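Morning, everyone. Please bring up the model on your screens, and we'll walk through it together.

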Amino acid sequence: MELTFTSAQNSPTDFFNVLPEDWRLLIAPYWDTYAPTSTIYVLKCDTEVVAGGILFGSVSPDMTPFEKEHGHIYFALGYLYIGFLWVVPKWRGAHLGSTWLQELKKEHKHQAFWLTIEEESLKEFYIKNGFQCIAENKLQGNSEWLLIYHSVNGD
């Protein structure tokens, strides 16, 4: 299996088309607003998008109050936000989420990242990939966790 990690900035619909509908509706209609400060990266097997995500350089309007509160701080510190990381269901179990994160870290050496999750089961995945959970929000019955990543020796 030959994988390539590449920007999908010139063909964002390649990525949007593999997202679940609710995510697609959150991002695709507003992509023109996000695009100047954000980059879509995908993993492809041949020409098929098998995983991808978006690297945001600024707070987006759809962020939760928890994300916005922390986002202003982390963006001011030079962090980039990882959002919409997705692995196509038929490709799950092949460590493509971890591969995508490893390739992103190679592409952006010495870069710090932050992200939030709403599913506690994802914490272990991100911790395994070098992130630290630093905050939790349990307001309004919806939990969110904030995780950060600092590069170590350019990793």
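How many salt bridges does the count come to? The count comes to 3. A salt bridge here is a side-chain nitrogen of Lys or Arg within 4 Å of a carboxyl oxygen of Asp or Glu. Side chains of opposite charge can pair when their charged atoms come close.

Some ground rules. This is a predicted model, where local features need pLDDT of at least 70, side-chain atom pairs count only at pLDDT 80 or more, and totals for chains, interfaces and linings use all residues. Residues are numbered from 1 along each chain as its sequence is written, and side-chain values use heavy atoms, with hydrogens and water left out.

Take one salt bridge: Glu48 with Lys90. Their closest N and O atoms are 3.4 Å apart. The pair links distant parts of the chain, 42 residues apart. Glu48 is in strand E3, and Lys90 sits in the loop between E4 and H5. Those labels are DSSP runs numbered from the N terminus: helices are H or I with at least four residues, strands E with at least two.

Now the sheet. It is open, with 7 strands in the order E1-E2-E3-E4-E5-E7-E6 and mixed pairing. Two strands pair if DSSP finds at least two bridges between them. Strand E1 (3-7) and strand E6 (132-137) stand at the edges with a single partner strand each, so one side of each has no neighbour in the sheet. Between E6 and strand E7 (residues 144-149) there are 5 bridges, and the two run antiparallel. Look for Glu136, opposite Trp145 in E7.

Helix H4 (residues 65-76) packs on the sheet. H4 touches strand E3 (48-56), E4, E5, E6 and E7, where contact means heavy atoms within 4.5 Å. The direction of H4 makes about 15° with that of E7. Axes are lines fitted to C-alpha atoms, for helices over the stretch in contact, and angles run from 0 to 180 degrees between N-to-C directions.
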